[in-house]
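Please look over the sequence and the model below. The report then takes a few sites in turn.

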Amino acid sequence: MNGYLELSQYCQKAYEKGLAPGCSGNASIRKFAHIAISPSGVSLNDVNSDNIVEIDFEGNSLNKGKASTEKFMHIEIYKRRKDVNAILHTHSPFLSTFALNAKTIENNSIVELQYLFKNKVPLVPYYSPGSMELANATAEILQNYDAAILQNHGAIVVASSIKEAFYKYEVLEYMAQVIIQEKLLRV
């Protein structure tokens, strides 16, 4: 299935873990001269090998289906990061809390922050979902980082495989939860 089975499995895992409620979130993998991306308006739980959309690097659909509205964000990231072969973007609860409060994750003693995220998960300023402004701003920040918080819009992680992207996102959500809980204990 050219990696589509694995992409659909990790989309479903993201849904099962509560990282992508309802029809929110999207995921993709780079496939040589095109991108395989989750379809628009479909829950990540329902992504399967038959409904994954293939697009070119201009955003044109190469098969049936309508690609995620965030397709340009994925395209711009892949254009700037040749080492990235997978992207996962969701609206998970704890990272969305950071997003709604326009907060970065940095200067924290959680070990994973240093080893997985270069000691910082920066903030991308708010731009309309699906816009080229959001695509360009996110791709610009992710030139130097493997994850970012999208103001009022969740978070995004890039990696060399969809499996790695899923696990990095899962760790990032855990870190956000621990940081929020730690702040509650200080009150």
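Is S28 buried or exposed? S28 is buried, with a relative accessible area of 0%. Keep in mind that this is a predicted model.

## S28 in strand β1

S28 sits in strand β1, which covers residues 26-31. Its relative accessible area of 0% counts as buried because the cut-off for that class is under 20%.

What does the side chain of S28 touch through a polar contact? The partner is the side chain of Y78, at 2.7 Å. Y78 also appears among the contacts of S28 beyond four places in sequence. The others are L7, I35, A36, I37, H74, N85, A86, I87 and I162.

## Y78 in helix α2

Now take the other end of that polar contact. Y78 belongs to helix α2, residues 71-80. Y78 is buried too, at a relative accessible area of 0%. The polar contact of 2.7 Å therefore joins the side chains of two buried residues, one in strand β1 and one in helix α2.

Which residues does Y78 contact, leaving aside neighbours within four places in sequence? The list holds S28, I29 and R30, then I35 and F57. It ends with V84, N85, A86 and I87. R30 shows how the fold brings separate stretches of sequence together: Y78 and R30 are 48 residues apart in sequence, yet 7.5 Å apart in space, C-alpha to C-alpha.

S28 and Y78 have some contacts in common: I35, N85, A86 and I87 are on both lists.

## S68 in a loop

S68 lies in the loop between β3 (53-55) and α2. Is this loop residue buried or exposed? S68 is buried, with a relative accessible area of 4%.

The side chain of S68 makes a polar contact with the side chain of N26, at 3.3 Å. Beyond four places in sequence, S68 contacts N26, I37, S38, P39 and S40. I37 is also in contact with S28.

## Aromatic pairs

How many aromatic pairs are there? The count comes to 3. One of them is Y10 with F166. Their ring centres are 5.5 Å apart, with 50° between the planes. The pair is tilted, because 50° is neither under 30 degrees, as for stacked rings, nor over 60, as for edge-to-face ones.

This pair links distant parts of the chain. Y10 is in helix α1 (residues 4-16) and F166 is in helix α6 (residues 162-186), 156 residues apart. Both rings belong to buried residues: Y10 has 10% relative accessibility, and F166 has a relative accessible area of 2%.

F166 also pairs with Y167. Here the geometry is edge-to-face, at 5.1 Å centre to centre and 70° between the planes. Y167 is partly exposed, at 38% relative accessibility. Together, Y10, F166 and Y167 form one aromatic cluster.

## A nonpolar surface patch

Which residues form a nonpolar patch on the surface? They are V111, Y115 and L116. Together they have about 310 Å² of accessible area.

L116 is found in helix α4, residues 111-117. L116 is partly exposed, with a relative accessible area of 30%.

Terms used: Residues numbered from 1 in each chain as written. Predicted model: local features only at pLDDT ≥ 70, side-chain atom pairs only at ≥ 80, totals over all residues. Heavy atoms only, no water. Patch = residues over 30% accessible without salt bridge, like charges linked within 9 Å, V, L, I, M, F, W, Y side chains within 5 Å. Areas by Shrake-Rupley, 256 points an atom, 1.4 Å probe, with all protein chains shown as cover. Salt bridge = Lys/Arg side-chain N within 4 Å of Asp/Glu carboxyl O. Helix = DSSP H or I, 4+ residues; strand = E, 2+ residues; numbered from the N terminus. Buried < 20%, exposed > 50% of the residue type's maximum accessible area, 1.4 Å probe, protein only. Contact = heavy atoms within 4.5 Å. Polar contact = N/O pair within 3.5 Å; in protein donor to acceptor, adjacent residues only side chain to side chain. Phe/Tyr/Trp six-rings, centres within 6.5 Å; stacked < 30°, edge-to-face > 60°.
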